[in-house]
There are 2 protein chains.
Amino acid sequence: MTAKEIRVAAEETAVDQVRYFIRKIAASPVPHTRTGGVLEDALGSSGKLLRGRLLLRCAALGPDAYEQQERLCVLAAMVELTHLASLIHDDIIDDAPIRRGRPSVQGRYGKDAAVYAGDFLISRVLCWGAREGMNDAVERLAQAMEEMCIGEIGQAQCRFCEDVTAEDYYTNIRGKTAALFRTACGIGAAEAGCTGAVVDRLERFGESLGIVFQLRDDLLDFGASRREAGKETHQDFREGIYTLPVLLALQSAEGRASLLPLMRENRERALTDLEIRQMEREVIRLGGVEAAWAEIHSCLAVGEVMLDTLEDCEPARELRRMWYALGKR
Amino acid sequence: MTAKEIRVAAEETAVDQVRYFIRKIAASPVPHTRTGGVLEDALGSSGKLLRGRLLLRCAALGPDAYEQQERLCVLAAMVELTHLASLIHDDIIDDAPIRRGRPSVQGRYGKDAAVYAGDFLISRVLCWGAREGMNDAVERLAQAMEEMCIGEIGQAQCRFCEDVTAEDYYTNIRGKTAALFRTACGIGAAEAGCTGAVVDRLERFGESLGIVFQLRDDLLDFGASRREAGKETHQDFREGIYTLPVLLALQSAEGRASLLPLMRENRERALTDLEIRQMEREVIRLGGVEAAWAEIHSCLAVGEVMLDTLEDCEPARELRRMWYALGKR
């Protein structure tokens with residue numbers, strides 16, 4: 001095995017432990033009941049655990065990573081569960097667009113179960129943290145939750161607005177997405193005994209990573225990939241959430257002349273697929289997609305400087321690889 | 001001033017401090033913005049602060065109540081904010097009944113803002129608690145939140161079911177209502193230095209109080225008071241949540257014959273006000289309301305025994321007065 005293969009295998013072992021703690025922390029106190037079934041389903045599959053992995057990778061830069069391995073896996077599980085709770089709460093909104101007449105896609109158990117299943121996961125995470133005396137991590141996580149809420153409310157307040165700016169967009173994604181990435185890095189680094197300066201740098205790295213991650217995710221709509229995968233594209237636009245490519249295309253007079261009429265219609269009724277494709281073509285033609293990619297690359301360049309200040313070791317190289325992978329189309 | 005007047009004045013001073021901490025803990029980090037406006041509105045008026053007062057009254061039984069006064073007011077504010085977050089999340093459900101065709105009463109800012117405003121308050125409470133090292137209280141509060149979620153999910157799972165039992169009802173209200181009453185008592189007593197035995201007793205008292213409180217609240221629908229106050233009655237029944245008077249009326253064959261047809265209609269469509277009044281008359285005629293009052297009085301008798309084990313002092317007498325007031329029609 002090469003050094004890299006050994007490292008990958010070690011991470012997978014740790015990630016298995018994270019999955020174990022996710023199940024353990026979120027275990028239903030009422031198994032074999034209808035309510036227990038809701039809570040177990042809410043857990044769903046645990047996904048790629050990107051935020052948990054990020055926590056472990058940042059922790060690998062600290063002197064206590066090996067000794068604190070189990071505690072770090074618990075913390076990674078707590079970060080993932082916080083993310084999962086926010087996804088569950090997001091789904092409530094996405095299923096019930098406020099200004100739209102389309103029939104609401106009721107989830108399996110209804111919105112009431114979703115609100116409380118999300119709250120249940122949050123309460124479990126924080127109860128566990130308080131019991132284990134993880135005050136610093138609980139404070140960081142609660143702070144991230146707060147910023148996520150503010151970002152989400154900010155985004156909701158911007159829905160269907162014609163005058164949303166790229167600055168509003170960045171404010172909102174810094175809260176709704178980047179805060180938890182930043183917190184994953186900060187908790188991992190702090191708990192593994194990194195110095196304050198390294199914790200700060202890794203937090204800023206995490207925040208940039210979160211922003212680029214969200215930018216890329218929003219760009220995915222502008223391309224064939226989702227359509228080919230059979231997913232509905234431009235759900236955000238349909239719900240009045242205007243992402244960076246749209247906002248950048250709107251910066252020219254030509255862009256406003258072309259897109260505002262569609263945005264006004266969008267506020268009144270569900271646009272047809274044809275109209276949505278027309279919007280997509282216009283955003284591409286007006287250079288919104290290219291400009292958003294340029295912003296990704298400029299973010300990446302800034303983050304690179306930050307990564308260069310870290311000691312040159314294998315975990316730092318791992319973070320650099322993650323970082324560059326985000327720049328690839 | 002009599003001793004009682006002095007005590008009342010002291011409690012009002014403490015309650016003012018609780019209100020101050022509610023505002024302080026939940027202060028928006030983004031004042032003078034649209035998002036800040038949502039968060040400030042979410043706070044609303046702070047109500048009667050029943051749970052916070054209960055915490056202070058239980059604390060008054062402990063030796064450290066005077067010394068810990070400020071901390072106790074912070075904790076009372078945390079309990080009240082947890083309650084407020086749950087009310088905000090409840091409103092999401094109540095505004096969007098799942099199986100009903102009636103137009104949804106959108107709140108001022110929509111459901112998305114409500115989900116995240118509730119989450120924001122929860123994160124603020126827990127962040128504050130972690131920062132101040134209030135681990136025991138945070139653990140108790142998170143445990144209460146968990147039980148509230150399970151109670152609410154349980155209630156949601158029972159909606160429109162014909163075979164819900166009084167036992168299901170008690171299980172659900174023990175979580176959704178009584179858990180936070182219990183926790184308010186437990187936190188107050190523990191933080192004021194009561195012995196473990198007294199903390200236990202006061203927690204059981206708080207749980208019983210919460211159950212009786214919910215029973216009374218559910219009984220309020222069966223009488224003229226709400227209708228006279230211009231409020232819509234039987235919102236629970238309309239939403240398929242069958243409360244104790246209904247469930248007790250259903251225990252006889254006659255009750256099932258009389259009520260099940262209405263309950264089946266209720267599942268399919270919005271009942272008319274006439275049908276709702278018919279249901280109410282039947283529940284009263286079948287003895288459901290009287291039987292629910294009898295359960296309140298039997299709860300009160302059990303709680304009395306518990307209160308009698310407390311040392312005979314003014315704070316204990318205060319709790320006893322609170323207790324008896326709940327038995328009055």
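**Figure 1. The surface and overall build of chain A in this predicted model.** Chain A exposes about 14000 Å², and carbon and sulfur atoms supply 53% of that area. Turning inward, buried residues account for 58% of the chain's 329 residues. The fold is built with 15 helices and zero strands. Its radius of gyration is 21 Å, close to the 20 Å from the globule rule for 329 residues, so chain A is as compact as a globular protein of that length. If you boxed up the C-alpha atoms along the principal axes, you'd need roughly 60 × 50 × 35 Å.

**Figure 2. Contacts and charges across chain A.** Take the contacts in chain A between residues at least 6 apart in sequence: 79% of them join residues at least 24 apart. As for charge, chain A carries 42 positive and 52 negative ones, and the mean positions of the two sets sit 3 Å apart.

**Figure 3. Helix H15 of chain A, residues 314-325.** Here's a quick ruler check: with 12 residues at 1.5 Å each, H15 of chain A should span 16 Å, and its end C-alpha atoms are 17 Å apart, which agrees. Buried residues in this helix are A:Pro315, A:Ala316, A:Glu318, A:Leu319, A:Arg320, A:Met322 and A:Trp323. An α-helix has 3.6 residues a turn, so residues three or four places apart point the same way. The cover over the buried residues of H15(A) includes four other helices of chain A: H1 (3-25), H3 (50-59), H8 (196-219) and H14 (288-308).

**Figure 4. A:Arg320, a buried arginine in helix H15 of chain A.** Buried or exposed, what does A:Arg320 count as? The cut-off for buried is under 20% relative accessible area, and A:Arg320 comes in at 16%, so it counts as buried. Skip the neighbours within four places in sequence, and A:Arg320 is in contact with A:Leu307, A:Asp308 and A:Asp312.

**Figure 5. B:Gly151 in helix H6 of chain B.** Over in chain B, helix H6 runs through residues 135-158, and B:Gly151 is part of it. This glycine is buried, with just 3% relative accessible area. Which residues does B:Gly151 touch, once those up to four places away in sequence are set aside? They are B:Asn172, B:Gly175 and B:Lys176. B:Ile173 is worth picking out in this view too: B:Gly151 and B:Ile173 are 22 residues apart along the chain, yet their C-alpha atoms are separated by 6.3 Å.

How values were computed:
Residues are numbered from 1 along each chain as its sequence is written. Chains are lettered from A and ligands numbered from 1 in the order in which they are written. This is a predicted model: local features need pLDDT of at least 70, side-chain atom pairs count only at pLDDT 80 or more; totals for chains, interfaces and linings use all residues. Side-chain values use heavy atoms; hydrogens and water are left out. Helices (H or I, at least four residues) and strands (E, at least two) are DSSP runs, numbered from the N terminus. The radius of gyration is taken over C-alpha atoms; the globule rule is 2.2 Å times the number of residues to the power 0.38. Buried means under 20% relative accessible area, exposed over 50%, partly exposed in between (1.4 Å probe, protein chains only). Contact means heavy atoms within 4.5 Å. Accessible areas come from the Shrake-Rupley method with a 1.4 Å probe; for residues, only the protein chains shown count as cover. Lys and Arg count as positive and Asp and Glu as negative; His and the chain ends are not counted. The place of a charge is taken as NZ of Lys, CZ of Arg, CG of Asp or CD of Glu. The expected span of a helix is 1.5 Å times one less than its number of residues.
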